Amino acid sequence: MIWILLAAGIAAGDLWIKKWIREHKELNSRQPVAGGKIIITKYYNTGAMLGFLKDKAKFLSGATLLALGIIIGLLLSVLGRRGNYVMKLGLSLLLGGAASNAFERAAYGKVTDYFRISIGSKKLEKIIFNIGDFCIFAGSALAAVGSLLKK
């Protein structure tokens, strides 16, 4: 049950932040925080991460729903088993992030991204994330490691 609550908490928290950003920040604004290492902004992404498939909205929506179904199925299949907490954590992070982005894509036709990392690399600073994106990335990595650790 904790794993489902974790996924729901990630999705709810990210959606709350996205709503706040939509209501309180100007498009493409720049607010440095954490000593300038993070820049709070507002950007609407009509594609997947890095704008991938931005011109294929219907395909992306369908692929997103299919991926959500697969993630839910995988998480449910490991919940009843003992151990493999790395896999469970990874799938929970992945589900929470994907659910948040999928909800926004379905509701608004775009996903609100709101922070950049500024640590000296101009290429990295061009990439705009949201917490859901970070959870998708981290969750995918943990799920992959968890599948290798599986007994």
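Contact here means heavy atoms within 4.5 Å, and axes are lines fitted to C-alpha atoms, for helices over the stretch in contact, with angles running from 0 to 180 degrees between N-to-C directions. With that in hand, here's a look around this predicted model.

**The sheet and the helix across it**

Let's start with α1, which lies across β2 and β3 and runs at about 90° to β3. The sheet under discussion is open, built from 3 strands in the order β1-β2-β3, with antiparallel pairing. Its edges are β1 (31–33) and β3, and each has a single partner strand, so one side of each is left without a neighbour in the sheet. From one strand to the next, the twist averages 35°.

Here's how the two pairings look:

| Pair | Bridges | Direction |
|---|---|---|
| β1 and β2 | 3 bridges | antiparallel |
| β2 (residues 38–45) and β3 | 6 bridges | antiparallel |

For a bit of register, Pro 32 sits opposite Ile 39 in β2, while Asn 45 faces Val 111 in β3. Being an edge strand doesn't leave β3 out in the open: 6 of the 7 residues of β3 (residues 111–117) are buried, so the rest of the structure largely encloses this strand.

**The helices and their core**

Now for α2. Its 23 residues should span 33 Å at 1.5 Å a residue, and the end C-alpha atoms are indeed 33 Å apart, so the two agree. Buried along α2 are Leu 60, Thr 64, Leu 68, Ile 71, Leu 75 and Val 78, and these buried residues pack against α1 and α3.

Several of those names come back in the largest nonpolar core, which has 13 residues; Leu 68, Ile 71, Leu 75, Val 78, Met 87, Leu 91 and Leu 95 touch the most other members. At least two core residues come from each of α1 (2–24), α2 (57–79) and α3 (85–108). The largest share, 6 residues, is α3's. Apart from this core lies another one, of 5 residues, among them Ile 21, Ile 40, Tyr 114 and Phe 115.

Zooming in on Val 78, and skipping its neighbours within four places in sequence, you'll find contacts with Met 87, Lys 88 and Leu 91.

**What the record adds**

An unreviewed UniProt entry lists residues 59–79, 85–106 and 127–149 under "transmembrane region". How do the model's coordinates look over two of those spans, and what are their end-to-end distances? Residues 59–79 are 100% helix and 0% strand, with end C-alpha atoms 30 Å apart. Residues 85–106 are likewise 100% helix and 0% strand, and there the end C-alpha atoms lie 31 Å apart.

Notes:
Residues numbered from 1 in each chain as written. Predicted model: local features only at pLDDT ≥ 70, side-chain atom pairs only at ≥ 80, totals over all residues. Heavy atoms only, no water. Buried < 20%, exposed > 50% of the residue type's maximum accessible area, 1.4 Å probe, protein only. Helix = DSSP H or I, 4+ residues; strand = E, 2+ residues; numbered from the N terminus. Pairing = 2+ DSSP bridges. UniProt positions renumbered as here; feature names shortened; annotations may be inferred. Core = buried A, V, L, I, M, F, W, Y, C linked by side-chain atoms within 4.5 Å. Expected span 1.5 Å × (residues − 1).
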